[in-house]
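Colleague: I would like a close look at a single part of the model below, with the rest of the chain brought in as context. Please take your time over the answer.

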Amino acid sequence: KHMHARGTLQNIQHPEYGELTVQHSPMRYEGVPLIPLKPSSKLGADGREVFVDWLGVPQAEFDKLVQEGVL
């Protein structure tokens, strides 16, 4: 109960597995709220964001890689 009260352990709702207890950072800084935890995305769900937005791959090239089954 102590770790839940401090926010080190938190319950999150996972779309596939239901309610899960996950570990949050034990670090606490005065005046800084904890970042809410969320379940990870399904494998490949963030591909466009990573390849196009972060890595700068052109959208047409990304679409071609998806169509070819590479991504």
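Colleague: What is the relative accessible area of arginine 48?

Modeller: Arginine 48 has a relative accessible area of 37%, which means that this residue is classed as partly exposed (buried is under 20% relative accessible area, exposed is over 50%, and partly exposed lies in between, with a 1.4 Å probe and protein chains only). This is a predicted model, in which local features need pLDDT of at least 70 and side-chain atom pairs count only at pLDDT 80 or more, while totals for chains, interfaces and linings use all residues. Residues are numbered from 1 along each chain as its sequence is written, and side-chain values use heavy atoms, with hydrogens and water left out.

The side chain of arginine 48 takes part in a salt bridge with aspartate 53, in which the closest N and O atoms are 3.1 Å apart (a salt bridge is a side-chain nitrogen of Lys or Arg within 4 Å of a carboxyl oxygen of Asp or Glu). Side chains of opposite charge can pair when their charged atoms come close. Aspartate 53 is partly exposed as well, because its relative accessibility is 45%. The whole structure holds two salt bridges, and lysine 64 makes one with glutamate 68, where the closest N and O atoms are 4.0 Å apart. Lysine 64, with a relative accessible area of 48%, is also partly exposed.

Valine 50 belongs to helix H2 (helices are DSSP runs of H or I with at least four residues, strands are runs of E with at least two, and both are numbered from the N terminus). At 27% relative accessibility, valine 50 is partly exposed. From C-alpha to C-alpha, valine 50 lies 33 Å from arginine 6, with their places 44 residues apart in sequence.

To set this part in its context, the protein chain has three helices and two strands, and from the N terminus on these elements follow the order α-β-β-α-α. The radius of gyration is 18 Å, well over the 11 Å that the globule rule gives for 71 residues, so the chain is more spread out than a compact globule (the radius is taken over C-alpha atoms, and the rule is 2.2 Å times the number of residues to the power 0.38). The C-alpha trace spans about 50 × 30 × 10 Å along its principal axes, and buried residues are 14% of the 71 in the chain.

The two strands, S1 and S2, pair in the antiparallel sense over six bridges (strands pair if DSSP finds at least two bridges between them), and a hairpin of three residues joins S1 to S2. Isoleucine 12 has leucine 20 as its bridge partner in S2. The side chains of S1 alternate: Gln10, Ile12 and His14 are buried and point to one face, whereas Leu9, Asn11 and Gln13 point to the other and are not buried. Threonine 8 sits in the loop between helix H1 (2–6) and strand S1 (9–14), and its relative accessible area of 7% is why this residue counts as buried. Beyond its neighbours within four places in sequence, threonine 8 is in contact with residues including Met3, Val22 and Arg28 (contact means heavy atoms within 4.5 Å).

The loop between strand S2 (18–23) and helix H2 (47–54) holds tyrosine 29, which is exposed at 54% relative accessibility. Tyrosine 29 joins Met27 and Val32 in a nonpolar surface patch of about 340 Å² (patches are made of residues with over 30% relative accessible area and no salt bridge; like charges are joined within 9 Å, and nonpolar side chains, namely Val, Leu, Ile, Met, Phe, Trp and Tyr, within 5 Å; accessible areas come from the Shrake-Rupley method with a 1.4 Å probe, and for residues only the protein chains shown count as cover). Glycine 31 is likewise found in the loop between S2 and H2, and with a relative accessible area of 74% this glycine is exposed.
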